[in-house]
Amino acid sequence: MAVFRSFFLAVAVLAATAVAAHAEKRVALVIGNSAYKNVNRLKNPANDAAAVVAMLKTAGFDSVDLRQDLNVVEMRRALREFGNKTRDADVAVIYYAGHGIELDGTNYLIPVDATLETDTDVYDETFALDRVLVAVEPAKQLRLVILDACRDNPFAKTMKRTIGSRAIGRGLAKVEPSSPNTMIAFAAKAGSTASDGDGKNSPFALALVDHLTKPGLDLRKAFGFVRDDVLKATSNAQEPFVYGSLGGNDVTLVPAAPAPAAAAPVDQDAAMQRNYEFALQVSSKPVWDAFVSKYPSGFYTELAKAHRDKVAAEAARIEATNKAKAAQEEQTRLAIEGAKAAEQAKAAEQAKAAEKARVAAELAKKAEDAKVAEAERAKTAAMAKAAEEAKVAEAARVKTAEAAKATADAKIAPEQRAINDKVAALTPPADKSDQPTTADLPRSLQSELRRVGCHTSSIDSNWNAASQRSLDLFNKHAGMKLDVKVASVDALDAVKSKSTRVCPLICDHGFKADGDLCTKITCRAGYEIGDDNTCEKIEVKKPTAKREEPKPGRDLPGRAKTASEPAKPQASSGQVLCNQQGCRPVGKGCRMVYGEVTTGSGRMMANKEVCD
């Protein structure tokens, strides 16, 4: 029995080792930037970061790194080191509290030493959100980025614009993660700002600590509860938002606690049956005697006694057979040696008695075999009856459990519907009230392209080559990759999001761009506008006397022929005219003006070539 106990103990140890080997590895990086050097200090990010670190450590994360008040070099190093940790991790989480900025639709995180004197400094002194996503990319099961960076940005108020059309948004811009199982949570939805609150921590950080690491709670529901708490704390002024998608299964930061295992029913016959099977493998009289001594009564005790009697009968049969064989050999020996008739008769009598004993032993063995067979049949019938009773009891238990589950489901259905309604609020409803119809979409997109200075052709419902070139010009100057082959709702929304001119203003010869208008270039006295649209000094050519030479041959004397000079080519204006047929330089002696043009689709306002 000690051997079997050791075996089961070894199996349990191996199972525990296997469970530990398959446990999830969870790592986190927490950044809190409060002490900004060139703008006012933020009071809450350091406190929020400390609260989130305590939450993740309590949740049992394998690694939680806290970094505070990072400059650009330290922030780059922290992201690089954390990226190395996520390579063998299942779950990776990054929490950032501090200033952020949105520039031309891209979100950036701001280190504490940034100055951001001009809009182009954003590319050199900050970190794009895409760089943060690269750090969590290697995680196998879940990638979570939480940004408490939607505060009112003080850098935008003093930042100089190098290009008037470059857009700097309020708050952060909407994002769409390209990797599966990736979630990005904003403290406030795109285009709005978050509040630091009046206490030690921001409302968003407090809600995260309350809900994010509840055991067994799905992340989508957790952020739904966070949203409800923040809306309540800010009187509906701030609404957190989550971007990204997960699969159909629940995704949790902390797995649910395992349900306590139900106590196994104590089977009084289990140990007896196991020991009976061990004794049956040996099947010797001492073993059966020990079994009967340990278990004096019971179903298996009777079987053990029958097997013990069978073993005893087999031993008696073997002993009788050996005695008969010895007597027969003795009789043969005496006959061979010529023994006396009396001795032979005595030996014959002994051999006969031994044979009778052998036959009796055989009969006794058969009787014991019959008893064992009958006991085995009784055992089989009893086990079948017990199995049938267990099956009926299990069916009754399952039926009772299903009834209880149905009753519980009926009770929690309203609560579940309420939770689903809260979760559904995380996905913004599609507002189609302001979406144009398919027929009006090209015309609407052409109008918007003209508003931002990228379309100069006619506005109609025909999405032609000129319209495609206009959208391509918008992509070039706005830094986007919209499909130019068709007029899409996404393209219309992208153009509408630009509140100022995107494409540069092109003016005619003699005019220059002044904001959104073309103004005439005025030169001072003695200067005129040259071919390159700049003022050049007027050169006065003095007349020169031409020398006449007599004509040879029959020409009259005194008459001279003036040598003809080759005509100087007239310089081109350097302008390029573009229309539906393509682009070409303006002809010599001609210029490009903006006016009414007649085309196959009607009259329109566009650039045209005028030759005097």
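A pocket, in this tour, is an open set of grid points where a probe fits, with protein on both sides within 12 Å along at least five of seven lines, and a residue lines it when one of its atoms is within 4 Å of a point. Keep that in mind for the later stops. The model on your screen is a predicted one.

**Stop 1: the whole chain**

Start with everything shown as a cartoon. Colour by secondary structure and you should find 15 helices and 17 strands. The chain has 612 residues, and buried ones make up 34% of them. If you like contact maps, here is a number to go with yours: among contacts with a separation of 6 or more, 61% are between residues 24 or more positions apart.

**Stop 2: Leu29 and Phe61**

Now select Leu29, which sits in strand β1 (residues 26-32). Its relative accessibility is 2%, so it counts as buried, the cut-off being under 20%. Show the side chains around Leu29 and you will meet Asp65, Arg67, Ala78, Leu79, Phe82, Val93, Ile94 and Tyr95, leaving aside neighbours within four places in sequence. Try a distance between C-alpha atoms here: Leu29 and Ala78 are 49 residues apart along the chain, and their C-alpha atoms are separated by 8.4 Å.

Next, select Phe61, in the loop between α2 (45-58) and β2 (63-68). Is Phe61 buried or exposed? Phe61 is buried, with a relative accessible area of 8%. Beyond the residues up to four places away in sequence, Phe61 touches Arg26, Val27, Ala28, Leu56, Val93 and Leu253. Draw another C-alpha distance, this time from Phe61 to Arg26: it comes to 5.2 Å for two residues 35 apart along the chain. Val93 is worth a click, as it is in contact with Leu29 and is also touched by Phe61.

**Stop 3: the loop between α8 and β9**

Move on to Gln238, in the loop between α8 (219-233) and β9 (241-245). Gln238 is buried, at 2% relative accessible area. A polar atom of the Gln238 side chain lies 2.9 Å from the backbone oxygen of Ala187. Not counting residues up to four places away in sequence, Gln238 touches a set of residues including Ala187, Ala188, Thr193, Phe204 and Val230.

Step along to Glu239, which is in the loop between α8 and β9 as well. With 19% relative accessibility, Glu239 counts as buried, since the cut-off is under 20%. Which side chain does Glu239 join in a polar contact? Select Arg227 to see the partner: the contact between the two side chains is 3.2 Å.

**Stop 4: two positive phi angles**

Pull up the backbone torsions for this one. Asn181, in the loop between α6 (155-158) and β8 (182-186), has a positive phi of about 55° although it is not a glycine. Asn181 counts as partly exposed, at 30% relative accessibility.

Then jump to Ser283, in the loop between α9 (268-282) and α10 (285-294). Ser283 is another residue other than glycine with a positive phi, near 50°. At 30% relative accessibility, Ser283 is partly exposed.

**Stop 5: helix α14**

Select residues 465-478, helix α14. How far apart are its end C-alpha atoms? They are 20 Å apart, which agrees with the 20 Å that 14 residues should span at 1.5 Å a residue.

At the start of the helix, look for Asn464: one of its side-chain oxygens reaches to within 3.3 Å of the backbone nitrogen of Ala466. Just after the helix, Gly479 takes a positive phi of about 70°.

For the buried side of the story, select Ala466, Ser467, Ser470, Leu471, Phe474, Asn475 and Ala478. What covers these buried residues includes α13 (441-451) and α15 (489-496).

**Stop 6: the second largest pocket**

Leave α14 displayed, as it contributes the largest share of the lining of the second largest pocket, seven residues. That pocket has a volume of about 1,200 Å³. Its lining takes in 40 residues, and those nearest its centre are His455, Thr456, Ile506, Cys578 and Asn607. Alongside α14, the elements that give two or more residues to the lining are β11 (517-520), β14 (576-579), β16 (590-599) and β17 (602-611). Colour the lining by class to finish: 20 residues are nonpolar, 12 polar and eight charged.

Technical notes:
Residues numbered from 1 in each chain as written. Predicted model: local features only at pLDDT ≥ 70, side-chain atom pairs only at ≥ 80, totals over all residues. Heavy atoms only, no water. Helix = DSSP H or I, 4+ residues; strand = E, 2+ residues; numbered from the N terminus. Expected span 1.5 Å × (residues − 1). Buried < 20%, exposed > 50% of the residue type's maximum accessible area, 1.4 Å probe, protein only. Contact = heavy atoms within 4.5 Å. Polar contact = N/O pair within 3.5 Å; in protein donor to acceptor, adjacent residues only side chain to side chain. 1 Å grid on protein atoms, 1.4 Å probe; cavity = no way out; pocket = protein on both sides within 12 Å on 5 of 7 lines; lining within 4 Å. Points joined across faces, edges and corners; volume = space filled by probe spheres on them. Nonpolar A, V, L, I, M, F, W, Y, C, P; charged D, E, K, R; others polar.
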